[in-house]
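Visitor: I have some "why do you call it that" questions about the rings in this model. Could you take me through them?

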Amino acid sequence: MKETITSLLQSAIDALKHQGVLPDDLTATIKIDPTKDKAHGDYATNLALMLAKPAGLKPRELAEKLTAALPESDAIAKTEIAGPGFINFFAAADAAAQIVANILDAGDAFGRSLVGQGEKVQVEFVSANPTGPLHVGHGRGAAIGDCLCRLLEATGFEVTREFYYNDAGAQIQNLARSVQARAKGLGPDDASWPEDGYRGDYIIDVAKDYLAGKTVTADDREVTAQGDADDLDAIQAFAVAWLRREQDLDLKAFGVAFDVYFLESSLYEQGKVEDTVARLTQNGHTYEDDGAMWLRTTDFGDDKDRVMRKRDGGYTYFLPDVAYHLDKWNRGFKTVINEQGADHHSTVTRVRAGLQALEAGIPKGYPDYVLHQMVMVTRSGVEVKLSKRAGSYVTLRDLIDEVGRDATRFFLAARRADSQLTFDIDLARSQSNDNPVYYVQYAHARVCSMLRKAEAESRAFDYTQALANLASLDSDQEKAVLNRLARYPEVVEQAARSREPQQVAQYLLDLAGDFHTCYNAVKVMVDDDALRNVRLALGIATRQVLRNGLDLMGVSAPEEM
RNA sequence: GUCCCUGUAGCUCAGUAGGAUAGAGCAGCCGCCUCCUAAGCGGCAGGUCGCAGGUUCGACUCCUGCCAGGGACGCCA
């Protein structure tokens with residue numbers, strides 16, 4: 001529909017150029033918007049307002065000339081000029097309803113596109129270190145990151161989901177000492193409990209399994225406990241695998257799976273950190289000061305230079321970060337998106353500066369970042385801060401167990417990443433119309449229910465008859481659904497391009513609302529076969545789009561509630 | 001002090017690469033199940049889009065300054 005209007009306008013412009021009304025060298029980007037107000041038709045363009053100045057005409061005058069020059073089309077019932085010079089298009093009834101046939105034909109593929117042209121994209125998200133269960137923040141990252149991946153896949157990109165973690169740093173040693181302390185029967189209140197040790201109850205479980213000689217299998221490693229409480233290295237290896245497994249189970253329960261687990265330690269083992277240092281030094285962007293080696297990141301937009309090699313000879317975290325992103329680039333990812341908590345904001349400039357200093361032909365804005373703000377969890381209006389298991393924070397597992405996977409995913413991905421999120425447990429678990437997840441799912445179930453009823457009454461859906469009567473979908477409520485359905489593909493594309501999964505959630509809420517309104521206004525199971533079938537077709541098309549959209553969010557589309 | 005994010009109805013939030021009279025849900029009030037699932041629908045009420053300037057035919061949207069909240073500013077990751 002949009003394409004039709006665009007091409008009509010394009011030929012009108014060409015005609016006016018021919019007549020000398022518009023200058024020949026004029027290039028116009030034609031923008032068609034769906035209208036907010038039905039009185040303005042179905043689609044509108046501001047073209048005459050945009051071109052008024054270069055054309056040297058008043059906007060409304062130009063609009064007159066444009067509409068006069070529009071070729072005839074079956075798709076358009078009429079056009080109007082309104083306000084300061086908008087051109088409104090009223091779609092012919094059957095033209096708008098044609099979307100129903102498109103959706104039914106395309107099925108699961110409706111809304112998918114090839115704009116990505118198979119380009120490789122890597123999305124790094126969650127990237128939690130294996131020192132504890134995943135918390136709500138990781139959950140938000142998982143929901144947003146995975147939804148982004150699904151959006152990119154749906155728009156024709158080849159996506160790699162990657163999880164980066166450190167299995168060897170100071171925090172991991174701290175983890176090992178904590179487990180060891182538990183294995184020796186100590187608790188956080190004992191005098192010899194390690195300083196800053198992990199106090200959560202899960203450490204007790206790790207220690208128990210270690211002493212019992214258990215074997216744990218995570219997605220990317222398997223370790224059998226050695227059982228000796230004095231062997232810190234063995235404890236560390238076991239603890240890392242144990243927590244990796246726990247995180248894997250949480251992610252699985254959340255419906256998120258990764259293609260690659262990338263170890264920070266591998267960057268050292270494969271000499272990539274040293275290579276990076278050498279390149280930075282060769283390029284003359286480093287200097288020694290105060291016993292440390294610095295990178296002159298201020299040459300690349302940072303507000304101060306950064307230490308890359310500490311006085312004690314070790315590297316700061318920022319260096320392996322740069323090496324890691326160089327490795328991403330070398331693996332052929334021209335587009336990389338890092339989904340992280342906003343508390344990592346400071347790394348953005350630094351990593352980008354480091355990559356520029358490599359002089360490896362990496363573009364300035366590489367990589368992309370999607371940073372999400374904090375999540376606050378509330379119950380009965382009061383903030384929940386603790387979980388027994390983790391000690392100091394609410395875990396993702398707590399939420400999944402309590403409100404379910406669908407609600408958790410929807411709630412965490414339905415808000416813009418850059419606004420702070422209040423996760424209201426009472427709302428998420430309420431089986432009522434307050435709950436947006438159920439609102440959308442219910443619309444889907446309602447269509448299923450109609451079809452079951454049709455089946456039971458031996459009035460099974462007849463596709464051919466529906467197609468022959470598309471023009472009967474002419475009530476305001478039906479037209480609202482049709483227009484909404486037609487917008488789905490561009491919503492997907494826009495959400496993918498702007499990296500904003502919440503647009504899909506918002507769309508689904510709108511579509512479900514349009515459908516519920518329609519359901520109450522227009523009876524579907526009528527005796528007239530033609531009417532019944534075409535209305536069923538609209539329901540089926542709606543169900544298809546709801547299903548496709550929910551799938552993009554990783555949320556199920558139940559057949560009954 | 002510097003940088004980033006946010007500020008829209010009593011509450012939680014949308015607002016689609018500036019477009020027409022700023023939307024939805026909840027909370028409040030009034031209605032709708034002899035009828036396809038009422039986990040639903042309709043209506044009423046509720047706003048100087050933080051404040052002040054600027055750009056534009058047109059600004060919630062872009063620019064500048066200020067105010068408020070959050071985050072980051074480590075030889076921690």
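Visitor: How many aromatic pairs does the count come to?

Guide: This is a predicted model, and the count comes to 16 aromatic pairs.

Visitor: What makes phenylalanine 110 and tyrosine 488 a stacked pair?

Guide: Their centres are 6.0 Å apart with 20° between the planes. Pairing needs centres within 6.5 Å and stacking needs planes under 30 degrees apart, so the pair counts as stacked. Phenylalanine 110 is in the loop between α4 and β5, while tyrosine 488 belongs to helix α18, 378 residues apart.

Visitor: Why is phenylalanine 110 called buried?

Guide: Buried means under 20% relative accessible area, and phenylalanine 110 has 7%, so the label fits. Tyrosine 488 is at 2%, so buried applies there too.

Visitor: And why are tyrosine 287 and tryptophan 294 called stacked?

Guide: Their centres lie 6.2 Å apart and the planes differ by 5°. With cut-offs of 6.5 Å and 30 degrees, they therefore pair and count as stacked.

Visitor: Why does tyrosine 287 count as partly exposed?

Guide: Partly exposed runs between 20% and 50%. Tyrosine 287 has 24% relative accessibility, so it goes there, and tryptophan 294 does as well because its value is 22%.

Visitor: How do you know that the charged end of lysine 78 sits over the ring of phenylalanine 90?

Guide: The charged end of lysine 78 is 4.5 Å from the ring centre of phenylalanine 90. The distance limit is 6 Å, and the atom must also be within 35 degrees of the ring normal. Lysine 120 lies over the face of phenylalanine 333, at 4.6 Å from the ring centre.

Notes
Residues are numbered from 1 along each chain as its sequence is written. Chains are lettered from A and ligands numbered from 1 in the order in which they are written. This is a predicted model: local features need pLDDT of at least 70, side-chain atom pairs count only at pLDDT 80 or more; totals for chains, interfaces and linings use all residues. Side-chain values use heavy atoms; hydrogens and water are left out. Rings of Phe, Tyr and Trp (its six-membered ring) pair if their centres lie within 6.5 Å; planes under 30 degrees apart count as stacked, over 60 as edge-to-face and the rest as tilted. Helices (H or I, at least four residues) and strands (E, at least two) are DSSP runs, numbered from the N terminus. Buried means under 20% relative accessible area, exposed over 50%, partly exposed in between (1.4 Å probe, protein chains only).
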